[in-house]
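Open the model in your viewer and keep the sequence panel beside it. The stops below each give a selection to make and then say what is found there.

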Amino acid sequence: YEASSIILACGVIAAKPFPGEQNFLGKGVSYCATCDAPLYVGKEAIVVSYSKKEEAEAAFLAERAKKVYYFPQYSCTEIFSDKIEVIKDVPVSVEATETAMRLVGKSGSYDADGIFFLRDSIPPTQLLPSLQMENQHVAVTRQMNTNIAGLFACGDITGTPYQYAKAIGEGNVAALSAVTYLSTH
């Protein structure tokens, strides 16, 4: 296909999901602890994290939740909140019981009200090697321009929060910017 302008709206691609993870997405499984933290006031949550930078998101969740069980999939040596319990186990699958979500690990099973998987995305530079990135997301201006003329990006691919409202608004701006670009080139 050939085009004079392109809008990238392909979201983010996470690592291969665990068995059961996709079945409970939005029904006890989430990818944004800061987005869904208000739903866990006084409840227990599990956070599976693949990077030290996600500790801030877990700490934000812990400010609202009764308890957070933190499963670092990296070398984590410190407890960064008294409401967070660090558990060294490797996730295997996600299940639901009658009363809770369950994370099945290699060493045991853990129940909570919800499970958060905090993963990095695969860089969009695999699609376009010259695409400028910022914190593993496509760098854009407020008009959703990328560093490549005629190429716009919107939604999750441009960064957090990963929410529909943000994606819709950015999509609208990207479409208007693409129309302006086409009318001037």
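The tour goes from the whole chain to an open sheet, then to two single residues.

**Before selecting**

This is a predicted model, in which local features need pLDDT of at least 70 and side-chain atom pairs count only at pLDDT 80 or more, while totals for chains, interfaces and linings use all residues. Residues are numbered from 1 along each chain as its sequence is written, and side-chain values use heavy atoms, with hydrogens and water left out.

**Whole chain**

Show the chain as a cartoon. It has 3 helices and 12 strands; helices (H or I, at least four residues) and strands (E, at least two) are DSSP runs, numbered from the N terminus. Along the principal axes, the C-alpha atoms fill a box of roughly 60 × 30 × 30 Å.

Switch to a surface. The chain exposes about 10400 Å², of which carbon and sulfur atoms supply 54%; accessible areas come from the Shrake-Rupley method with a 1.4 Å probe, and for residues only the protein chains shown count as cover. Of the 185 residues, 41% count as buried, where buried means under 20% relative accessible area, exposed over 50%, and partly exposed in between (1.4 Å probe, protein chains only).

Contact means heavy atoms within 4.5 Å. Among contacts between residues at least 6 apart in sequence, 47% join residues at least 24 apart.

**The open sheet**

Select strands E2, E9, E3, E4 and E5. These 5 strands form an open sheet in the order E2-E9-E3-E4-E5, with parallel pairing. Strand E2 (29–30) and E5 stand at the edges, each with a single partner strand, so one side of each has no neighbour in the sheet. Two strands pair if DSSP finds at least two bridges between them.

Now narrow the selection to E4, residues 67–72. Why is this strand described as largely enclosed by the rest of the structure? The reason is that 5 of its 6 residues are buried.

Add strand E3 (residues 44–49), which runs parallel to E4 and is joined to it by 6 bridges. Label two pairs across this junction: Ala-45 stands opposite Val-68, and Val-47 stands opposite Tyr-70. On to strand E5 (residues 84–86), which is joined to E4 by 3 bridges and is also parallel to it. Here Tyr-70 stands opposite Val-86.

Add helix H2 (residues 55–62), which makes a right-handed β-α-β unit with E3 and E4. To check the hand, point the strands away from you: a crossover is right-handed if the path from the first strand over the helix to the second runs clockwise.

**Ala-37**

Select Ala-37, in the loop between helix H1 (33–36) and E3. Ala-37 is buried, with a relative accessible area of 0%. Not counting residues up to four places away in sequence, Ala-37 touches Phe-60, Leu-61 and Arg-64. Ser-81 is 44 residues from Ala-37 in sequence and 16 Å away in space, C-alpha to C-alpha.

**Val-173**

Finish at Val-173, in helix H3 (residues 164–184). Is Val-173 buried or partly exposed? Its relative accessible area is 30%, and Val-173 counts as partly exposed. Leaving aside neighbours within four places in sequence, Val-173 is in contact with Arg-142, Gln-143 and Met-144. Draw a distance to Lys-66: Val-173 and Lys-66 are 107 residues apart in sequence and 39 Å apart, C-alpha to C-alpha.
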